[in-house]
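Good morning, and thank you for joining. Please keep the sequence and the structure in view while I speak.

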Amino acid sequence: MSALFWIPAVVLVASALWTITASKPVYSVVALLVNFFALAVLFLSLSAEFLAMIQLIVYSGAILVLFLFVIALLSSGVAPISLGPNRLPRLTAPAVVVVLIVFGLVTAGVLSSHATPLPPSHSLASAGPAGTANVFGSVSDFGKALFTVYLLPFEITALVLMVAVIGVIMLAGDEAPYVATRARAEEVRKEMREAIAREGD
Amino acid sequence: MHLLPVPLADYTVLSTVMFLIGVCGVIVRRNPLIMLMSIELMFNAANLLFVTYARAWLNNAGHIFAFLVITVAAAEAAIGLAIVVIAFRSSERVDVDQVSALRG
């Protein structure tokens with residue numbers, strides 16, 4: 001039990017730190033991939049086998065590939081993504097201090113809290129080893145809950161995804177109305193000046 | 001009172017560490033892609049906590065909510081990346097400090 005917790009935990013924290021300190025976004029994506037795999041192992045150790053698979057398929061398979069596409073798109077045609085000057089070096093120390101304070105408070109709270117009595121369980125299944133049928137967290141257990149008790153939130157999820165799809169097409173589609181960059185602003189200003197000059201003639 | 005079957009404190013502290021690393025990333029980094037990845041880290045920390053307490057209380061609601069969080073994270077990543085693409089399509093440097101005018 002403890003090796004099953006501590007090894008993924010160390011990998012999780014190390015890869016999270018690698019994600020935010022990597023110099024190039026591609027390295028961050030690789031670190032995030034390692035992070036997601038470690039998290040999937042932790043989900044399995046908590047007998048959430050369906051969520052572990054969803055974590056691998058949706059996060060590693062879809063979201064990270066989206067990140068890779070955007071990185072490839074942004075570095076094509078123009079210069080490769082460079083870091084630029086770090087304009088907020090002064091923020092690093094305060095950020096670390098705030099984080100340590102919050103961490104200390106949360107840890108103190110967790111360690112001083114008592115075990116609470118268990119609330120009534122919605123799950124019909126009992127706990128068992130992951131991978132066997134009809135135990136807590138198995139696909140059938142999850143599916144029964146998702147399509148009976150939690151059917152309405154599941155349907156609203158479809159609406160959220162629909163909004164995302166329409167929003168992305170509105171933002172980045174062919175008819176994208178405005179590109180908010182300095183070069184584009186110069187272009188617009190020049191066109192306006194020319195139009196005014198034409199009106200004058 | 002039942003004995004909880006998982007070391008709750010360990011998982012809670014691990015989730016807190018991961019969340020705070022994500023907060024640090026959003027505060028310190030200026031690259032919008034890495035900031036979005038830090039937000040994903042925070043989503044995942046919340047998911048870990050949901051799954052931990054679902055297991056501790058043998059209650060499915062945590063699993064369902066983690067599933068919904070994954071969905072919302074996917075939608076957020078798609079829209080955030082679309083904004084990054086239109087904001088930095090024609091610029092050579094990817095830096096959020098560059099986007100100083102947010103007029104439509």
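Let us begin with the buried residues of helix α1(A), bearing in mind that the model is predicted. In this helix, Pro8(A), Ala9(A), Leu12(A), Ser15(A), Ala16(A), Thr19(A) and Ile20(A) are buried. Viewed down the axis of α1(A), the buried residues fall within an arc of 145°, and they therefore line one face of the helix. Which exposed residues does the face turned away from the buried side of α1(A) carry? They are Ser2(A), Ala3(A), Trp6(A) and Val10(A).

What covers the buried residues of α1(A)? The cover includes α2 of chain A, and chain B contributes its α1 and α2. As for its dimensions, α1(A) has 20 residues. From first C-alpha to last, α1(A) reaches 28 Å, which is close to the 28 Å expected at 1.5 Å a residue.

I turn next to chain A as a whole. Chain A has seven helices and zero strands. Of its 201 residues, 21% are buried. If we take the contacts in chain A between residues at least 6 apart in sequence, 41% of them join residues at least 24 apart.

My next topic is the largest nonpolar core. As general background, nonpolar side chains in soluble globular proteins tend to be buried together. Here the largest nonpolar core comprises 65 residues, and the members that touch the most others are Phe43(A), Met18(B), Leu33(B) and Val51(B). Which helices each supply at least two residues of this core? From chain A they are α1 (2–21), α2 (25–45), α3 (49–74) and α5 (139–147), and from chain B they are α1 (8–28), α2 (32–57) and α3 (61–88). The largest share of the core, 14 residues, comes from α2(B).

Let us look at one of those core members, Leu33(B), in detail. Neighbours within four places in sequence are left aside here. In chain A, Leu33(B) is in contact with Pro25(A), Phe67(A), Val70(A) and Ile71(A). In chain B, its contacts are Val84(B) and Val94(B).

Finally, I would draw your attention to Leu68(A), which is found in helix α3 of chain A. Why does Leu68(A) count as partly exposed? The reason is that Leu68(A) has 14 C-beta neighbours inside 10 Å, whereas a buried residue requires 20 or more and an exposed one has 12 or fewer. Leu68(A) and Val26(A) are 42 residues apart in sequence, and their C-alpha atoms are 7.2 Å apart in space.

Conventions:
Residues numbered from 1 in each chain as written. Chains lettered and ligands numbered in written order. Predicted model: local features only at pLDDT ≥ 70, side-chain atom pairs only at ≥ 80, totals over all residues. Core = buried A, V, L, I, M, F, W, Y, C linked by C-beta atoms within 7 Å. Helix = DSSP H or I, 4+ residues; strand = E, 2+ residues; numbered from the N terminus. Contact = placed C-beta atoms within 7 Å. Expected span 1.5 Å × (residues − 1). Arc of directions from axis to C-beta.
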